[in-house]
Amino acid sequence: MSSSRKNETLSVISERHAVKSYVKDFKMPEEDLEAILTAAVEAPSAWNLQHWKFLVIESEADKQKLLPIAYNQGQVAESSVTIAVLGDLEANRNAVIYDQAVEAGALPAEIRDALVGQINGAYQNPQVARDAAILNSALAAQNIMLAAKSLGYDTCAMGGFIPAQLIEQFNIPARYLPTMLISVGKAQVPARPSGRFPLSDVVVKGSF
Ligand SMILES: Cc1cc2nc3c(=O)[nH]c(=O)nc-3n(C[C@H](O)[C@H](O)[C@H](O)COP(=O)(O)O)c2cc1C
């Protein structure tokens with residue numbers, strides 16, 4: 001897929017592809033991991049509830065523990081780190097984020113209270129909570145992949161893992177739902193080409 005418009009951001013987006021083979025033992029500098037995770041939390045989220053948690057799996061022992069959980073997909077063992085992106089099923093509790101704005105005088109307390117009421121009302125429905133956890137944490141996941149690419153790394157998002165085993169083996173609290181795994185590292189073998197449907201197939205202007 002290509003368009004005539006080009007800039008650095010668009011290039012990073014178009015150059016990101018799922019890499020399955022990584023330079024083993026490449027240790028990612030901590031500052032790069034931090035930059036990638038900072039990009040993750042800069043994702044937008046509904047009501048700014050920041051429905052995410054990131055479990056960083058980087059020790060050799062943890063990678064080996066993850067390998068069978070991820071159906072022995074080699075990228076979790078070879079890459080520098082695998083980030084388990086978790087969605088927060090109780091993100092309504094994160095409405096405390098508004099307290100800062102109230103204290104700073106940027107948000108009236110009554111507005112905060114009205115918002116918290118709406119949010120807690122919506123979170124009475126577990127389907128709403130689950131959909132929001134997946135939707136919003138997936139936005140953070142995409143930021144991880146693009147930030148990593150911009151720093152010279154490659155990634156592979158994975159839905160191929162056994163959530164119940166991930167939860168059990170890594171002590172993930174019931175509050176969090178695994179959304180996807182993302183391996184991050186230095187590519188050993190470039191990604192296989194992947195096709196895209198043309199815009200004419202996927203874009204509908206106006207109305208169906
Ligand atoms: C939610 C999700 C789950 C995926 N699961 C896997 C997976 O388990 N194993 C794998 O090798 N690739 C996985 N992929 C990568 C896709 O196969 C890949 O993104 C797609 O084929 C398009 O290729 P590209 O990313 O290289 O452009 C997954 C991607 C996403 C977004």
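Biologist: In this predicted model, how many residues surround the ligand?

Modeller: The count rests on heavy atoms that lie within 4 Å of the ligand. Among the residues found in this way, the closest are H17, A18, Q73, G159 and S194. The full number of residues that surround the ligand is 13.

Biologist: How is the shell around the ligand divided by class, into nonpolar, polar and charged residues?

Modeller: Sorting the shell by class gives 4 nonpolar residues and 3 charged ones. The remaining class to be named is the polar one, and its count in the shell around the ligand is 6.

Biologist: Which strand gives the most residues to the shell around the ligand?

Modeller: The chain has 9 helices and 6 strands in its secondary structure. The element that gives the most to the shell contributes 3 residues, and this element, which covers residues 154–158, is strand β4.

Biologist: What is the distance from a backbone N or O atom of G159 to a nitrogen atom of the ligand?

Modeller: Two side chains can be described beside this backbone atom, and in both of them the partner in the ligand is an oxygen atom. For H17, an N or O atom of the side chain is 2.6 Å from that kind of ligand atom, and for Q75 the corresponding distance is 3.4 Å. For G159, a backbone N or O atom faces a nitrogen atom of the ligand, and the distance is 2.8 Å.

Biologist: What share of the area that the ligand exposes when taken alone is buried by the protein?

Modeller: The starting value is the area of the ligand taken alone, which comes to 620 Å². Of that area, the share buried by the protein is 60%.

Biologist: Is S80 buried or exposed?

Modeller: S80 lies in the loop between α4 (75–78) and β3 (81–88), and a polar atom of its side chain is 2.7 Å from the backbone oxygen of F26. A residue counts as buried when its relative accessible area is under 20%. Because the relative accessible area of S80 is 6%, S80 is buried.

Biologist: Over the ring of which residue does the charged end of K186 sit?

Modeller: Another lysine shows such an arrangement, since the charged end of K65 sits over the ring of F170, 4.6 Å from its centre. For K186, the charged end is 4.6 Å from the centre of a ring, and that ring belongs to Y153.

Note on methods:
Residues are numbered from 1 along each chain as its sequence is written. This is a predicted model: local features need pLDDT of at least 70, side-chain atom pairs count only at pLDDT 80 or more; totals for chains, interfaces and linings use all residues. Side-chain values use heavy atoms; hydrogens and water are left out. A polar contact is a pair of N or O atoms within 3.5 Å; within protein, one must be able to donate a hydrogen and the other to accept it, and residues adjacent in sequence count only if both atoms are side-chain atoms. Accessible areas come from the Shrake-Rupley method with a 1.4 Å probe; for residues, only the protein chains shown count as cover. Helices (H or I, at least four residues) and strands (E, at least two) are DSSP runs, numbered from the N terminus. Ala, Val, Leu, Ile, Met, Phe, Trp, Tyr, Cys and Pro count as nonpolar, Asp, Glu, Lys and Arg as charged, and the others, Gly among them, as polar. A charge sits over a ring if NZ of Lys or CZ of Arg is within 6 Å of the ring centre and within 35 degrees of the ring normal. Buried means under 20% relative accessible area, exposed over 50%, partly exposed in between (1.4 Å probe, protein chains only).
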